[in-house]
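Ready for some practice in reading a structure? Take a look at the chain below, then work through the exercises one step at a time.

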Amino acid sequence: MRELITLTAHRERCVVTSRTKRGIAASTAQSLIILCVASSITRGCSFTCRPSSLGLHNNLSLQSSKRRCPTISFPTPQHRSVLSMSTLIDSAEAQLDKYLSASDLPSAIKLLNDDSTTINLTRDRFISIFAAIEDATSAPSENQLIADPDQIYPAVSPGRSTMTDAYSALKSRGHLLAFGAAGNGNVLAGGSKTVVPKLLEEILSMKMSSLTPQPSNTLLVAGAVLATAEAVLALVTGWDFSVLALLTVLLSLADRLLLNGAAFEFLQRLIMPSYAEKVRRHEAGHFLVAYLLGCPVEGCVLSPLAALKDVRFAGTVSAGTSFFDKELSLQVNGRKPLTRDSIDRFSVIVMAGIAAEAIHFGQADGGAGDEMALVRFLTQIMPRSGGARLWDGDTIKNQARWGVLQAVLLIKRYKPCYDALCDALERGGDLGECVYAIEKAVRDNNVVVHEQPLGVILDRGEYGVWLTDTEKEGDKQLTVPVDSQTPSAPALSMLKGEQNVKNELVDTLSEEEVLREYKAVMEKKLKDIDDKLGML
């Protein structure tokens with residue numbers, strides 16, 4: 001992590017020259033200077049250095065009076081300002097350390113937002129800020145509504161509002177370069193949001209089946225192993241097998257109720273050594289994508305015991321990542337109209353775990369719970385909520401495909417950050433260490449935050465079309481900036497409804513094709529409106 005500032009003290013050196021009349025010997029001038037200096041020392045005269053405007057030499061002025069010694073005036077405003085700045089920095093840093101040691105996050109944020117202060121944010125201070133964030137969001141009062149089945153999304157609370165302010169303060173001071181890199185609609189797949197399976201496979205070069213969570217046979221394998229062990233034990237000891245089976249059922253229930261399934265997962269990790277890595281990479285996908293989309297992450301747990309101890313997860317999951325979207329919370333809870341951008345952010349984050357598994361293992365085993373969470377979220381949205389819409393089976397499936405498409409592209413695009421995050425999680429790093437790993441990877445690998453989509457989806461043909469500009473190092477990227485003066489650009493922007501399209505894409509379509517595409521889209525929208533009106 002690059003430090004915010006680095007102060008290097010240099011000893012200032014004044015070159016003093018004296019102006020003497022012609023003909024005075026050098027020895028006389030030296031004697032005069034020595035007398036003046038000695039006299040000033042004995043009589044308490046002041047020395048001030050006046051740096052010249054060019055910063056080269058300083059003139060020595062000798063002033064005399066009856067009862068006063070000659071004064072050598074050397075004011076050093078620059079030197080004094082350096083000392084004053086150093087003192088202010090030390091004071092601000094000491095104050096920040098004091099706030100962080102007391103977990104006083106609001107005061108720390110206020111200090112960070114003070115433009116008049118310059119703070120050297122070391123690694124320890126960086127991690128301490130996120131430790132304070134975890135403390136603020138872990139308070140019982142902050143998590144009372146998590147288990148409420150009627151709560152679609154947690155409401156804004158003081159702790160989570162403060163957490164959002166902390167992320168914003170660090171972002172504004174230049175410490176979080178990757179945070180929000182994909183926010184504000186800065187997606188990697190622009191254009192239409194209609195993504196059919198065939199087009200998804202073409203864009204990602206992945207089979208649709210690899211992005212679909214498969215039913216796990218872990219329970220079947222574990223049950224078979226346990227039944228075999230019980231049968232052997234019954235034969236050796238002569239115990240009744242039915243009693244052993246009943247005891248196993250009771251122990252399983254106790255494990256689920258008291259330990260959140262920790263004992264079963266321990267056995268599962270023994271049977272399947274790769275299981276721990278799958279969980280870690282799955283959660284790293286959620287973590288990184290939420291971070292890139294500008295949603296503050298407040299915690300991540302990788303085991304049932306850790307989830308049981310963390311009030312934010314309330315022992316309801318075996319592993320999970322907790323993030324907060326303030327805008328979505330305000331919109332879902334009726335404080336603002338619900339926007340499509342907020343729905344899209346949530347969709348991409350939820351599908352990021354599946355995307356991460358598919359990228360690394362070629363198959364997503366986990367993620368069925370994520371799909372159900374997305375279905376539950378979309379079906380609970382009421383049409384009267386501002387810009388929301390009624391979601392049916394087909395539209396939910398399409399939204400899931402669009403979300404996983406964006407998540408895969410983001411994880412691949414920011415692979416150094418993802419790998420660093422996985423390493424931090426493997427070491428047992430807390431929230432601050434994970435965020436520090438992401439930001440350090442950005443700087444160490446010179447990761448450039450994207451400003452343009454990799455390509456644009458057009459509603460053309462039977463399956464849609466994925467258009468890119470050029471091939472660069474094996475990755476498809478658009479490199480030409482938007483030119484709003486191009487006549488076709490506004491029409492294409494209306495056609496997509498979300499983004500301007502690059503010049504190369506404009507050149508591929510004639511004006512007639514643009515109008516035809518636009519007409520088709522408008523007709524489809526009118527049909528959707530008629531269908532909704534018929535349902536009212």
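E426 has a relative accessible area of 54%, which makes this residue exposed. Keep in mind that you are looking at a predicted model.

**Exercise 1. Decide whether R280, the salt-bridge partner of E426, is buried or exposed, and find where the two residues sit.**

Step 1. Start with the pairing: the side chains of E426 and R280 form a salt bridge, with 4.0 Å from N to O.

Step 2. Place both residues. E426 belongs to helix α16 (residues 415-426) and R280 to helix α10 (residues 275-292). They are 146 residues apart, so this pair links distant parts of the chain.

Step 3. Apply the cut-off: buried means under 20% relative accessible area. R280 has 15% relative accessibility, so R280 counts as buried.

**Exercise 2. Work out how R340 and D344 are placed along their helix, and classify each of them.**

Step 1. Check the pair itself: R340 and D344 form a salt bridge, and their closest N and O atoms are 2.9 Å apart.

Step 2. Count along the chain. Both residues lie in helix α13 (residues 340-361), and because they are 4 residues apart, about one helical turn separates them.

Step 3. Classify each residue. R340 is partly exposed at 25% relative accessibility, while D344 is buried at 5%.

**Exercise 3. Find the spacing between E439 and R443, and say whether they are buried or exposed.**

Step 1. The side chains of E439 and R443 meet in a salt bridge at 3.0 Å, N to O.

Step 2. The two residues are 4 residues apart in helix α17 (residues 431-444), so they are separated by about one helical turn.

Step 3. E439 and R443 are both buried.

Step 4. Now look at how salt bridges can share partners: E93, D97 and R125 are joined in this way into one network. The count for the model comes to 15 salt bridges.

**Exercise 4. Which residues touch the most other members of the largest nonpolar core, and which helix gives the most to this core?**

Step 1. The largest nonpolar core has 101 residues. Those touching the most other members are F130, I133, Y167, L176, L204, L405 and V435.

Step 2. Helix α13 gives the most to this core, with 11 residues.

Step 3. Zoom in on L204. Leaving out residues up to four places away in sequence, L204 touches L211, L405, V408, L409 and K412.

Step 4. For some background, nonpolar side chains tend to be buried together in soluble globular proteins.

Methods
Residues numbered from 1 in each chain as written. Predicted model: local features only at pLDDT ≥ 70, side-chain atom pairs only at ≥ 80, totals over all residues. Heavy atoms only, no water. Buried < 20%, exposed > 50% of the residue type's maximum accessible area, 1.4 Å probe, protein only. Core = buried A, V, L, I, M, F, W, Y, C linked by side-chain atoms within 4.5 Å. Contact = heavy atoms within 4.5 Å.
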